[in-house]
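Thanks for coming. I'll walk through one model today, part by part. Please have it open in front of you.

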Amino acid sequence: MEPIRYALIGCGRISANHVAAAQANNLNIVALCDIDPACMQEKMEQFALTEQTHCYTDYQTMLQKEQPTLVAIATESGKHAQIALDCLQASCNVIIEKPMAMSIADADRIIEEMERTGLVVCACHQNRFNKSVQKIREAMEAGRFGKLFHGTAHIRWNRGEEYYRQAPWRGTWEQDGGALMNQCIHNIDLLRWMMGDEVSEVMAFTDNLNHPYIAAEDLGVALIRFANGSYGIVEGTTNVYPRNLEETLYLFGEKGTVKAGGKSVNIIEEWRFADGLDDSDAVKAQFHENPPNVYGFGHTPLYADVIDAIRTGRRPYIDAYAGKRALELVLAIYQAAATGQKVTLPLKQCATTDFIGRFGR
């Protein structure tokens, strides 16, 4: 079977994970694209890519000349939606880094184009492929938790001025959002997914306590009521001194309690079920990963799933609807915090740009 023609748009911080996943899945890497040639050259050398991989500073030119089958979009967040739409209109399947878009309207446009073309659209929430998360999901789908009571997502990280100065789009409402949209959306996605996906209402506070040089929040706390009667708590911050502390997901049910932690929710720390179907210590030992950074190991299996979806014509494991749900919950938290009012879902319209000036910047 001939390798799929693959291109990457955006060669910044997360791009190495995409190139590594593409190589691990034997994709034919036909092109890299970035407005900064030095970023592309760095990836060419890091992954020993040959002259068969062409470099472009304009993605429209790249799409026209290379006609890739699959494109990964890893630019600044504010450009994700338009690039995705252009790729779909050029008959390319897409993997879109989180967040899929910055507004409900743009997420809906991507979904409409996906439905019109029948192409594969994957939202890159790779932590769903963590061994730990897959084990927890298996227990959830088997009903082992019984009635769900509540779940919590804690993202206790550190981001300093040096991080934000590396790229001027970071921390802006137009291109990034704050801690919840950038650093916390993966765990927010997991919480919503595990707790039944359907959210009825949200209450929240957000603030900028320690980053006067960015426009968006560095702290967010939220209470979520799910449609099934369970509750969720989100605590996300980039203010933890002096470095990242933890990213944890707790799930509490009538007959089960689970805690996943580690750098990117990749370690099962508690595993307690009334049914006694497995040994807690054995599960914790078996479903344990220690990735080198918070991005984890999920990109490679995510790519494998997308490739299979393209070849079989099915939906990917994490489709555009999943990407919209994660985005919608973050936007609902922003809206609830900004208005001081309870926000009900679904959101008909909302965008990060609605909150420009929220913290005086």
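Start at Gly-196. It sits just after helix 9 and has a positive phi of about 105°. Keep in mind that this is a predicted model. The next residue does something similar. Asp-197 also carries a positive phi, about 75°, although it is not a glycine. You'll find Asp-197 in the loop between helix 9 and strand 8, residues 199-207. Is Asp-197 buried or exposed? Its relative accessibility is 14%, so it counts as buried, given that the cut-off for buried is under 20%.

Now step back into helix 9 itself. How many of its residues are buried? The count is 10 of the 10, so helix 9 is largely enclosed by the rest of the structure. Look at who is in there. The buried set includes charged side chains, among them Asp-189 and Arg-192. His-186 and Asn-187 are buried too. So are Ile-185, Ile-188, Leu-190, Leu-191, Trp-193 and Met-194.

One partner of helix 9 is helix 6, residues 131-141. The buried residues of helix 6 pack against helix 9, residues 185-194. They also pack against helix 10, residues 280-286. Then there are four strands: strand 7 (148-156), strand 11 (246-253), strand 12 (256-261) and strand 13 (267-273). Which residues of helix 6 are buried? They are Ser-132, Val-133, Lys-135, Ile-136, Arg-137, Ala-139 and Met-140. As a reminder, an α-helix has 3.6 residues a turn, so residues three or four places apart point the same way. Helix 6 is also followed by a glycine with positive phi: Gly-143, just after the helix, at about 75°.

Take one residue from helix 6. Ser-132 belongs to that helix. Its relative accessible area is 0%, so Ser-132 is buried. What does Ser-132 touch, leaving aside neighbours within four places in sequence? The contacts are Val-265, Asn-266, Ile-267, Ile-268 and Phe-287.

Val-265 deserves a stop. It is in the loop between strand 12 and strand 13. Its phi is near 55°, a positive value in a residue other than glycine. And Val-265 counts as buried, because its relative accessibility is 0%.

While we're on backbone geometry, two cis peptide bonds. One runs from Lys-98 to Pro-99, with omega near -20°. Pro-99 lies in the loop between strand 5 (93-97) and helix 5 (104-117). The other runs from Leu-345 to Pro-346, with omega near 5°. Pro-346 lies in the segment after strand 14, residues 343-344.

That brings us to Glu-201, in strand 8. Glu-201 has 23% relative accessibility, so it counts as partly exposed. Beyond its neighbours within four places in sequence, Glu-201 contacts Lys-342, Val-343 and Thr-344, as well as Leu-223, Ile-224 and Arg-225. Ala-227 is 26 residues away from Glu-201 along the chain, yet their C-alpha atoms are separated by 8.5 Å.

Next, the cores. The largest nonpolar core has 85 residues. Which ones have the most contacts inside it? Those are Val-71, Cys-87, Ile-110, Ile-136, Phe-145 and Val-202. Helix 12, residues 320-339, gives the most to this core, with 11 residues. A second, separate core has 32 residues, including Ala-72, Ala-74, Ile-95 and Val-306. Ile-136 we have met already, among the buried residues of helix 6. For Cys-87, the contacts outside four places in sequence are Ile-9, Leu-63, Val-71, Ile-73, Cys-92 and Val-94.

Last, the whole chain. There are 12 helices and 14 strands. The C-alpha trace spans about 55 × 50 × 45 Å along its principal axes. With 361 residues, a compact globule would have a radius of gyration near 21 Å, and this chain's 20 Å agrees. Of those residues, 57% count as buried. Contacts reach far along the sequence. Among those between residues at least 6 apart, 69% join residues at least 24 apart. The chain exposes about 15100 Å², and carbon and sulfur atoms supply 49% of that. On charge, there are 35 positive and 45 negative, and their mean positions are 4 Å apart.

That's the tour. Questions, please.

How values were computed. Residues numbered from 1 in each chain as written. Predicted model: local features only at pLDDT ≥ 70, side-chain atom pairs only at ≥ 80, totals over all residues. Heavy atoms only, no water. Helix = DSSP H or I, 4+ residues; strand = E, 2+ residues; numbered from the N terminus. Rg over C-alpha atoms; globule rule 2.2 N^0.38 Å. Buried < 20%, exposed > 50% of the residue type's maximum accessible area, 1.4 Å probe, protein only. Contact = heavy atoms within 4.5 Å. Areas by Shrake-Rupley, 256 points an atom, 1.4 Å probe, with all protein chains shown as cover. Charge placed at Lys NZ, Arg CZ, Asp CG, Glu CD. Core = buried A, V, L, I, M, F, W, Y, C linked by side-chain atoms within 4.5 Å.
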